[in-house]
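Here is a short briefing on side-chain contacts. Keep the sequence and the 3D view open while you read.

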Amino acid sequence: MPPRRAVLGALVAAACAGPEEAPPPLPAGPPSYSHLTPLRLSVGRIEFQPGTDAAATRTMPPAPLNPADVVRIMAQERLSAAGGPGIARFRVQIATLTREGSASGGVFTAATERLTCTLRCRIEIRGEDGTQAGFAEAEVRRAAVRPAGSPAERARAAEELVRAAGADLNVEFEYQIRRNLRAMLAPVAAPPAAPRLDI
């Protein structure tokens, strides 16, 4: 096919192609973990402590979801106190979202950036006398290279990454608790029996 016809054919094909499908919308608001089986600890209460080091909770905008909030929500919705001596202290250790240029882009390539989300948390069980009775730590890291396009595109990429990292942390956190604090786990309460209807 002559070069001119080849170019003409490519233009016609591009014109006939339909518009790009928009990605499906993300769920509104922060992720929820309340539908999962609760991790019931045999303690009198659970304290939730936020991260206090600014470097350990650095979030580079645009970021619709704050990583530290995702870690806190995960812990508050998964953990519950089943009663018993002592207390549990949950702490956000690291919750960061960082960005760095990956490729500056050119005539035929778009600029990209590398996003990294790191989440780490720790839970300690303390006896009535304050001595440590056990602990568990969980850490995950997710990274992705995405186009450095419009603010809306960059925000969506960040939200997708933080959501995925939160889901990873939820799985790792439960694994570490069941591995290191098995003796402190109380059985899950059975749901109430449905009332019997006598006919």
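Start with Arg 178, which is partly exposed because its relative accessible area is 34%. Its side chain forms a salt bridge with Glu 174, and the closest N and O atoms are 2.9 Å apart. Both Arg 178 and Glu 174 belong to helix α3, 4 residues apart, or about one turn of the helix. This is a predicted model.

**Salt bridges**

- How many salt bridges does the structure hold? There are 14 salt bridges, including the Arg 178 and Glu 174 pair.
- Asp 168 bonds in this way with Arg 142: their closest N and O atoms are 2.6 Å apart.
- That salt bridge joins distant parts of the chain, with Asp 168 in helix α3 and Arg 142 in strand β6 (residues 132-147), 26 residues apart.
- Asp 168 has 26% relative accessibility, so it counts as partly exposed.
- Arg 142 is also partly exposed, with a relative accessible area of 35%.
- Glu 124 and Arg 126 make a salt bridge through their side chains, at 3.1 Å from N to O.
- Glu 124 is buried because its relative accessible area, 17%, is under the 20% cut-off.
- Its partner Arg 126 has a relative accessible area of 22% and is therefore partly exposed.
- A network of salt bridges links Arg 122, Glu 124, Arg 126 and Glu 137.

**A charge over a ring**

- Arg 122 belongs to that salt-bridge network. Its charged end also sits over the ring of Phe 135, 4.2 Å from the ring centre.

**Aromatic pairs**

- A search of the whole structure gives 2 aromatic pairs.
- Phe 48 and Phe 90 have ring centres 6.2 Å apart and planes at 55°, so this pair is tilted.
- The Phe 48 and Phe 90 pair links distant parts of the chain: Phe 48 is in strand β2 (residues 45-49), Phe 90 is in strand β4 (residues 87-103), and they are 42 residues apart.
- Is Phe 90 buried or exposed? Phe 90 counts as buried, because its relative accessibility is 1%.
- Why is the pair of Phe 90 and Phe 173 edge-to-face? Their ring centres are 5.6 Å apart and their planes are at 80°, and an angle over 60 degrees counts as edge-to-face.
- This second pair also links distant parts of the chain, from Phe 90 in strand β4 to Phe 173 in helix α3 (residues 151-180), 83 residues apart.
- Phe 173 is buried, with a relative accessible area of 1%.
- Phe 48 is partly exposed, with a relative accessible area of 31%.
- Together, Phe 48, Phe 90 and Phe 173 form one aromatic cluster.

**Cysteines**

- The count of disulfides is 0.
- Cys 117 is buried, with a relative accessible area of 0%.
- Cys 121 is buried as well, at a relative accessible area of 0%.

**Asn 66 in its loop**

- Where is Asn 66 found? Asn 66 lies in the loop between β2 and α2 (67-78).
- Asn 66 counts as partly exposed, at 33% relative accessibility.
- A polar atom of the Asn 66 side chain lies 2.8 Å from the backbone nitrogen of Ala 68.
- Asn 66 and Glu 159 are 93 residues apart in sequence, yet their C-alpha atoms are 8.8 Å apart in space.

Notes. Residues numbered from 1 in each chain as written. Predicted model: local features only at pLDDT ≥ 70, side-chain atom pairs only at ≥ 80, totals over all residues. Heavy atoms only, no water. Phe/Tyr/Trp six-rings, centres within 6.5 Å; stacked < 30°, edge-to-face > 60°. Helix = DSSP H or I, 4+ residues; strand = E, 2+ residues; numbered from the N terminus. Buried < 20%, exposed > 50% of the residue type's maximum accessible area, 1.4 Å probe, protein only. Lys NZ or Arg CZ within 6 Å of the ring centre and 35° of its normal. Disulfide = S-S within 2.5 Å. Polar contact = N/O pair within 3.5 Å; in protein donor to acceptor, adjacent residues only side chain to side chain. Salt bridge = Lys/Arg side-chain N within 4 Å of Asp/Glu carboxyl O.
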